[in-house]
Amino acid sequence: MDKFVYLFHEGNGNMKETLGGKGANLAEMTRIGLPVPYGFTISTQACNAYYDAGKTIPSLVESQVLGALAALEEKMGKKLGNANNPLLVSVRSGSVFSMPGMMDTVLNLGMNDETVVGMGKLTNNPRFAYDSYRRFIQMFSNVVLDINTYYFEQLLEETREEKGYSSDPEMTAEDWKEVIEGYKGIVKKHTRKDFPQDPKEQLFLAINAVFDSWNNQRAIVYRRLNKIPDHLGTAVNIQSMVFGNMGNDSGTGVAFTRNPSTGEHILYGEYLINAQGEDVVAGIRTPQPIQTLKDEMPAVYKQFSETCKRLEQHYKEMQDIEFTVERGQLFILQTRHGKRTAQAAIRIAVEMVEEGIIDKKTALLRVDPDQLNQLLHRRIDDKYERTLLAKGLPASPGAATGQVVFDADEAEELGNAGKKVILVRPETTPDDIHGIVAAQAIVTSRGGMTSHAAVVARGMGKACICGCDALKIDIKAKQFKVDEKVINYGDVITIDGSTGEIMLGEIPMIEPELSDEFQLLLAWADQERKIAVRANADNPEDAQKAFEFGAGGIGLCRTEHMFMDLKRIPIVQKMILAETYSERKDALAELLPMQQGDFEGIFEAMQGYPVTIRLLDPPLHEFLPDKEELLVEVTKLQILNPSSPELKKKEVLLKKVRQLDEYNPMLGHRGCRLGMVYPEIYEMQAKAIFYAAAKLADKGMDVQPEIMIPLVGHVNELKQMRQLVIDAAVKVQEETGKQFEYTIGTMIEIPRAAITADQIAEEADFFSFGTNDLTQTTFGYSRDDAEGKFLQNYIENKVLAENPFAVLDQDGVGKLVEMGVRLGRETKPTLKTGICGEHGGEKSSIDFCYKTGLDYVSCSPYRVPLARLAAAQATIRHDSNKKEVYTTA
C-alpha cells in the first residue's frame with residue numbers, strides 16, 4: 001500500500017522530497033530529542049494525488065490522515081473536538097524548497113463553541129481561550145473560506161477604539177467573546193453559511209486549502225523567480241498546538257543562529273511576549289530583540305541558546321528557528337537553513353571553516369554565485385548632504401533610489417516601464433510578491449527584522465527597511481507623513497538598508513568595498529577551479545576593473561565600441577563614405593593611432609595576461625545616423641532651405657545609408673564579410689594591435705594578443721583573414737624591429753562553424769564561442785524581437801524553461817558547443833577554447849562549460865567574482881581525472 005502520511009518519529013532529515021523541508025526537519029529534530037510538539041506530515045505525493053484526483057483528497061490519503069490523527073490523540077492524551085480535553089493543531093504547508101510566506105497556514109484548528117469553553121477551564125484562563133478562538137476564526141476564514149482579513153481587522157480595531165484600548169493584550173475574555181460573535185457574522189455574510197463547528201471538517205478543509213495554495217499566484221511567482229519546479233507539490237504538517245499567548249510567562253519568536261544580514265556569530269532574532277507566531281512574521285506588532293529574553297526568561301533563553309548551538313552543529317549550517325514558550329516551557333516549531341544576504345553568506349562560510357564546522361570545499365558550495373552581485377554594486381556616498389526623513393530597522397543591506405509607490409500592482413506596472421520605484425507599505429504580505437520583485441527596495445512602517453518584507457528582500461538581495469513607525473502611511477491618499485513633512489506618490493526617496501535611514505531625494509552612490517572574507521573565499525575558489533575566468537572589456541577602464549576583480553585575461557575586446565566615441569564618429573563616417581580606396585585609407589590612417597592607444601591601455605591594465613581582440617563585427621550602417629531621422633531632416637531642409645550646403649551633405653549621407661541598408665543586418669554584411677570586401681579595415685586594426693605590442697615590448701612588458709576573426713562560417717574566410725593578419729604582423733615587426741608573440745582564432749557563432757569545426761581548426765589557434773549570436777542563429781530568433789514580443793510568454797507557459805539568452809540552452813546550442821570543441825580538438829588537440837557570450841557569467845552555463853572541457857569563460861567585469869566562484873563549484877561538483885586546463889589565462 002502506498003504510504004502518504006508519516007508520524008514525525010517515522011521520518012528523518014533526508015526525506016525532503018517526500019516530507020518537504022519543514023516536515024523533514026521536524027522529523028529530524030524529533031529523532032535527535034529536541035522539544036518538538038508532536039504531529040504528522042502528509043507527503044508531497046499526497047498533494048500530487050490530490051491534483052490528479054481533480055482537487056479531491058483520495059480516500060486512501062483520508063484514511064491514513066485519520067489513522068495518524070488517532071495516533072497523535074493517543075500520544076497527547078487529548079482528542080480533536082473533545083469539549084473537556086480538546087486537541088488543537090496547526091496545519092502548515094511545507095514544500096521541498098523553502099518558500100517563506102508563499103503558502104497557507106492555519107493555527108488553533110479544533111476550536112469551536114464547545115472546545116473554547118473546555119480550553120478556558122483547562123487553562124484556568126478564559127481570556128487566552130477566546131483569544132485563540134478569534135484568531136482561529138480569522139485565519140481559517142481568510143485561508144480556507146477566502147474572506148479578506150481586512151473585515152476582521154476593521155471590526156477588531158473598531159472594538160479596541162470603542163473600549164479605549166491601545167493593544168490586543170488589554171482585551172478581556174468578555175471582549176473577545178463579543179469580537180467572536182462579530183467574526184461569525186462576517187463569515188455568515190460572506191459565505192451564507194455558519195462558521196464550521198466540526199473539527200474534522202475543519203481539518204480536511206484546511207488540508208485542501210494548503211494543497212490549493214501550492215498553485216496560488218504568489219507561490220507561482222515565487223517558484224518562477226527562484227526556479228523551483230512546479231511538479232514537486234507541498235507537504236502538509238499537522239502538529240499539536242503550543243501556545244505563546246497564555247500570559248506573560250509565554251511568548252513566541254523567530255531567531256537565526258547568526259546574523260542573516262552581516263553574518264556575525266551572535267544569536268539574532270525577535271520575540272513577542274503573550275503572542276502567537278503569526279504576530280511576529282505578519283508585522284502586526286513590533287517585537288523585542290531576542291537578547292532581552294535573557295532578562296525576561298533567563299532559563300528559557302539559556303535552553304534556547306544551547307538548542308541553537310546544537311542545531312547549527314547538527315546541520316553544519318546557519319539555522320532559522322521558530323519557537324514558542326508555553327508557561328515557561330520551550331518548544332521548537334521549525335528549523336531550516338536560514339536565508340541570508342551575500343555579505344552574511346560569505347562571512348558565515350569563511351568563519352565556519354575557521355571554526356572547524358565545515359571544510360573549504362563545502363564553504364565554496366555554500367555561497368550562491370548570483371548573490372555576489374549584491375556586493376558589487378554601489379552604496380550611498382557619505383560625502384553628500386542628506387535630508388533624513390526617518391529611520392527604521394535595517395532589514396536588508398544595500399542602497400536604492402526611486403519613486404515612492406504604495407501598491408504592489410503600481411510597482412510592477414512602473415517597474416516594467418523602466419521606472420525605479422520604492423514600495424512603501426504598512427507591512428507587506430505574500431500577495432505583494434510581484435511588486436517586491438519589480439521594486440528597487442521596500443519600506444514598511446510595521447514589522448521587524450524577521451517580517452515577511454525583511455525575509456523576502458534579503459532573499460532577493462534588495463534593500464529593505466522595516467518597522468519605521470515614524471511613517472504615517474495613508475494608502476488611499478497615496479502619501480506618507482513624517483511629522484509635518486508629506487511625501488506623495490511619485491516623489492523620489494533614497495534608502496539605506498544597512499542603516500535603516502530613509503532620505504529625501506536622490507543621493508549619489510559610490511563603488512563597493514569588498515571584505516577580507518570575500519577576498520579569502522575567492523582565493524579558495526581560485527585554488528579549486530580548473531577553468532579560467534576572463535572578462536569582456538572594451539577599454540582600459542573596464543580592463544582595469546576586470547583585473548581588480550581577478551580576471552585572468554580579456555576574453556572579448558569589441559573593437560567597434562572604440563569607434564563609437566563621439567570624437568571618432570566623424571572619422572569613422574568619413575571612412576564609410578569614402579568613394580575611393582585612397583580616401584578610405586586616409587580615414588583609416590587617422591583611426592589607427594587612436595586604436596593603438598586603446599590597445600596599449602588595455603595591454604597595460606592586464607599586466608601580461610592574454611587579451612582576445614575581436615576585429616570589427618557590426619555592419620557599417622550602425623556608425624551612421626538613423627535612416628528615418630535623416631530622411632525627416634532632409635525633407636525639412638528641402639522645403640525650408642533648398643540651397644543649403646547642409647542639405648547636399650545630408651543627401652549624400654542619406655544615399656550612403658540607403659546603400660548600406662539591409663533587410664536582416666544580423667545576417668548581412670558584417671563580421672569577417674566586411675574584412676573580405678574591405679581588407680584595409682582589418683589590416684588597420686591588426687597593425688594597431690601590433691604597434692601597441694611593439695611599443696609595450698619597448699617598455700619591457702610582455703603582451704599576449706589573441707586576434708579573433710568574427711562570424712566565420714567557412715574555413716576559406718578564416719584562411720584569407722588569417723593571412724591578412726600575419727602579413728600585418730610581419731610589416732610591423734620589420735618596421736619596428738620588435739618581435740612579439742600572437743595567436744589568431746575565430747568566434748564560433750553560427751551553426752555551420754560548429755558543424756565544420758574540424759576544418760576551421762586547421763586555420764585557428766583558438767575558438768571562442770559567441771553564444772549570444774549562436775543562440776540567435778540556432779533558434780532562428782532575433783533577440784530584440786523575441787525578448788520584446790514572445791519570449792516571456794514562452795517562459796511563463798513553460799515552452800522554454802529559461803530565457804536562452806540569459807541561461808545557455810544546453811540541449812540545443814550546447815550540443816553545437818560540444819561538437820565544436822570535439823571536432824576542433826580532433827584536428828588540433830592543443831586548440832584553446834572559451835566562451836565569451838553573456839552566458840560566461842551565468843552559473844549553470846559555467847558548469848556546462850567546465851563539463852564540456854572549455855579552457856575559460858569570459859564575462860562582464862562585475863560578474864568576474866561570480867564566475868570565479870561558479871567555476872570552483874563546477875570543479876568541485878565534477879572533480880575527475882580531467883586534464884588540467886589553462887588556469888592562468
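Which strands close into a barrel, and in what order? Keep that in mind while you get your bearings; the model on your screen is a predicted one.

**Stop 1: the whole chain**

Zoom out first. The C-alpha trace spans about 105 × 70 × 55 Å along its principal axes. Colour by secondary structure and you'll be looking at 35 helices and 31 strands. Of the 889 residues, 57% count as buried. Now think about contacts between residues with a separation of 6 or more: 70% of those in the chain are between residues 24 or more positions apart.

**Stop 2: the barrel**

Time to settle the opening question. Select β24 to β31: these eight strands close into a barrel in the order β24-β25-β26-β27-β28-β29-β30-β31, and the pairing is parallel. On average, neighbouring strands of this sheet are turned by 25° against each other, direction ignored.

For a look at one pair, pick residues 554-558, which form β25, and residues 610-614, which form β26. The two strands run parallel and are joined by three bridges. Click on Cys-557 and look across to β26: Ile-613 stands opposite.

**Stop 3: the largest nonpolar core**

Here's a bit of background: in soluble globular proteins, nonpolar side chains tend to be buried together. In this model, the largest nonpolar core has 130 residues. Show Phe-603, Phe-690, Ile-709, Val-725 and Phe-767, the members that touch the most others in the core. Then highlight residues 679-698, helix α26, which supplies the largest share of this core with 12 residues.

Now centre on Ile-709. Leaving out residues up to four places away in sequence, its contacts include Leu-615, Cys-672, Tyr-682, Leu-718 and Met-721. Val-725 and Ile-744 are also among the residues that Ile-709 touches, and so are Gly-745, Thr-746 and Met-747.

Another core, of 86 residues, lies apart from that one. To find it, select some of its members, including Tyr-38, Val-143, Ala-255 and Ile-332.

**Stop 4: a covered strand**

Go to residues 268-273, strand β7: are they mostly buried or exposed? Six of the six residues are buried. Turn the strand to check both faces: Tyr-268, Glu-270 and Leu-272 lie on one side, with Gly-269, Tyr-271 and Ile-273 on the other.

Next, add the strands that pair with β7. Strand β6 (residues 251-256) runs antiparallel to β7, and six bridges join them. Strand β8 (residues 288-289) also pairs with β7 in the antiparallel sense, over two bridges. Tyr-271 is a handy landmark: Gly-253 stands opposite this residue, and its bridge partner in β8 is Gln-288.

**Stop 5: two packed helices**

Two packed helices are described by the angle between their axes and the distance between the axes. Select α4 (residues 115-123) and α5 (residues 126-143): they pack at an angle of about 145°, with their axes 7 Å apart. The crossing is right-handed. Show side chains to see where they meet: Val-116, Val-117, Met-119, Gly-120 and Thr-123 come from α4, while α5 brings Pro-126, Phe-128, Ala-129, Tyr-130 and Tyr-133.

**Stop 6: cysteines without partners**

How many disulfides does a search of the whole structure find? Zero. Why is Cys-836 not bonded to Cys-849? The sulfur of Cys-849 is the closest cysteine sulfur to that of Cys-836, but the 11 Å between them is too far for a bond. Cys-836 is buried, at 4% relative accessibility. Finish at Cys-859, which is buried at 1%; its closest cysteine sulfur is in Cys-849, again 11 Å away and too far for a bond.

Key:
Residues are numbered from 1 along each chain as its sequence is written. This is a predicted model: local features need pLDDT of at least 70, side-chain atom pairs count only at pLDDT 80 or more; totals for chains, interfaces and linings use all residues. Side-chain values use heavy atoms; hydrogens and water are left out. Two strands pair if DSSP finds at least two bridges between them. Helices (H or I, at least four residues) and strands (E, at least two) are DSSP runs, numbered from the N terminus. Axes are lines fitted to C-alpha atoms, for helices over the stretch in contact, and angles run from 0 to 180 degrees between N-to-C directions. A disulfide is a pair of cysteine sulfur atoms within 2.5 Å. Buried means under 20% relative accessible area, exposed over 50%, partly exposed in between (1.4 Å probe, protein chains only). A nonpolar core is a set of buried Ala, Val, Leu, Ile, Met, Phe, Trp, Tyr and Cys residues joined through side-chain atoms within 4.5 Å. Contact means heavy atoms within 4.5 Å. A crossing is left-handed if the near helix is turned anticlockwise from the far one by less than a right angle, and right-handed if clockwise.
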